[in-house]
Amino acid sequence: MSKSFRSKLLSREIKKKLYISYLRPIVMYGCETWSTTKVDETKLLIFERKIIRRIYGTMYNAETGEYERRTNANIERIFNGPNIQIYLVSKRLEWAGHIWRDKDSQMSQVVVSKPNTTRPRGRPRQCWMNRVKIDLMQVDETAIIEDADNRDRWRGIVEAAKGLNGL
């Protein structure tokens, strides 16, 4: 896709739509089940900024008469949409609502159950359920797991997650 993102024949809007509809879903395949850390999310944001820099190219500075690389703030202003981190949070919340709505399914039982084995030494690994709770607290402090039964309320929570710009 790098040739098409650098191509002068395609407009920037077409390149942006290509990224959002084609490349981002490939990169984020299965993201609903990821228990990401800050490092993982930072790497995803870096990837997205690289793609957007490739799409929009360099910026001409009239004062120096040279082309300069776009800053992160400039990229966020130009892109004007939910970034990949917000996309990840909204997809994770959608999947959580789907799991919690069907309380009798095996997936719901796996997520809620606690294993009866001893834990290894050291800090516990990042758990998906903890990540979802953190996402819920960032979106709506009053949101709880039982809100998943009310589809309209849960859809509002997911839309609120998509509306966040910079968690």
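This section describes the nonpolar cores, the salt bridges, the largest pocket and the surroundings of one strand residue in a predicted model.

The largest nonpolar core comprises 17 residues, and those with the most contacts inside it are Leu93, Trp100, Trp128, Leu136, Trp154 and Ile157. Helix 5, helix 7 and helix 8 (151–163) are the elements that contribute two or more residues to this core. A further core of 15 residues lies apart from it, with Leu44, Ile51, Tyr56 and Leu88 among its members. Within the largest core, the contacts of Leu136 illustrate the packing. When residues up to four places away in sequence are set aside, Leu136 touches Leu93, Trp100, Trp154 and Ile157, and in addition Glu141 and Ala143.

Charged pairs were examined next. Side chains of opposite charge can pair when their charged atoms come close. Eight salt bridges are present in the structure. One of them joins Glu48 to Arg24, with a separation of 2.6 Å between the closest N and O atoms. Glu48 belongs to helix 3 (residues 38–56) and Arg24 to helix 2 (residues 12–27), so this pair ties together parts that are 24 residues apart in sequence. Both partners are buried: the relative accessibility of Glu48 is 3%, and Arg24 has a relative accessible area of 5%.

A second pair is formed by Glu94 and Lys162, whose closest N and O atoms are 3.8 Å apart. Because Glu94 lies in helix 5 and Lys162 in helix 8, the bridge ties together parts that are 68 residues apart in sequence. Helix 5 and helix 8 are also among the elements that supply two or more residues to the largest nonpolar core. Glu94 is partly exposed, at a relative accessible area of 31%, and Lys162 is likewise classed as partly exposed, at 34% relative accessibility.

Lys162 also forms a salt bridge with Glu159, for which the closest N and O atoms are 3.7 Å apart. Here both residues lie in helix 8, three residues apart, which corresponds to about one turn of the helix. Glu159 is partly exposed, with a relative accessible area of 45%. Elsewhere, salt bridges link Glu41, Arg92, Arg131 and Asp135 in a network.

The largest pocket encloses about 610 Å³ of space. Its lining consists of 21 residues, of which Val111, Ser113, Pro115, Arg119 and Cys127 are the closest to the centre. Helix 5 (84–101), helix 6 (106–112) and helix 7 (128–139) each provide at least two residues of the lining. By class, eleven of the lining residues are nonpolar, six are polar and four are charged. Helix 5 and helix 7 therefore contribute residues both to the lining of the largest pocket and to the largest nonpolar core.

Finally, the position of Glu66 was considered. Glu66 is located in strand 2 (residues 66–68). Setting aside residues up to four places away in sequence, Glu66 touches Met59, Tyr60 and Asn61. The C-alpha atoms of Glu66 and Val132 are 46 Å apart in space, while 66 residues separate the two in sequence.

Methods. Residues are numbered from 1 along each chain as its sequence is written. This is a predicted model: local features need pLDDT of at least 70, side-chain atom pairs count only at pLDDT 80 or more; totals for chains, interfaces and linings use all residues. Side-chain values use heavy atoms; hydrogens and water are left out. Helices (H or I, at least four residues) and strands (E, at least two) are DSSP runs, numbered from the N terminus. Contact means heavy atoms within 4.5 Å. On a 1 Å grid over the protein atoms alone, a cavity is a set of points where a 1.4 Å probe fits but cannot get out, and a pocket is an open set with protein on both sides within 12 Å along at least five of seven lines; lining residues have an atom within 4 Å of a point. Grid points are joined across faces, edges and corners, and a volume is the space filled by probe spheres set on the points. Ala, Val, Leu, Ile, Met, Phe, Trp, Tyr, Cys and Pro count as nonpolar, Asp, Glu, Lys and Arg as charged, and the others, Gly among them, as polar. A nonpolar core is a set of buried Ala, Val, Leu, Ile, Met, Phe, Trp, Tyr and Cys residues joined through side-chain atoms within 4.5 Å. Buried means under 20% relative accessible area, exposed over 50%, partly exposed in between (1.4 Å probe, protein chains only). A salt bridge is a side-chain nitrogen of Lys or Arg within 4 Å of a carboxyl oxygen of Asp or Glu.
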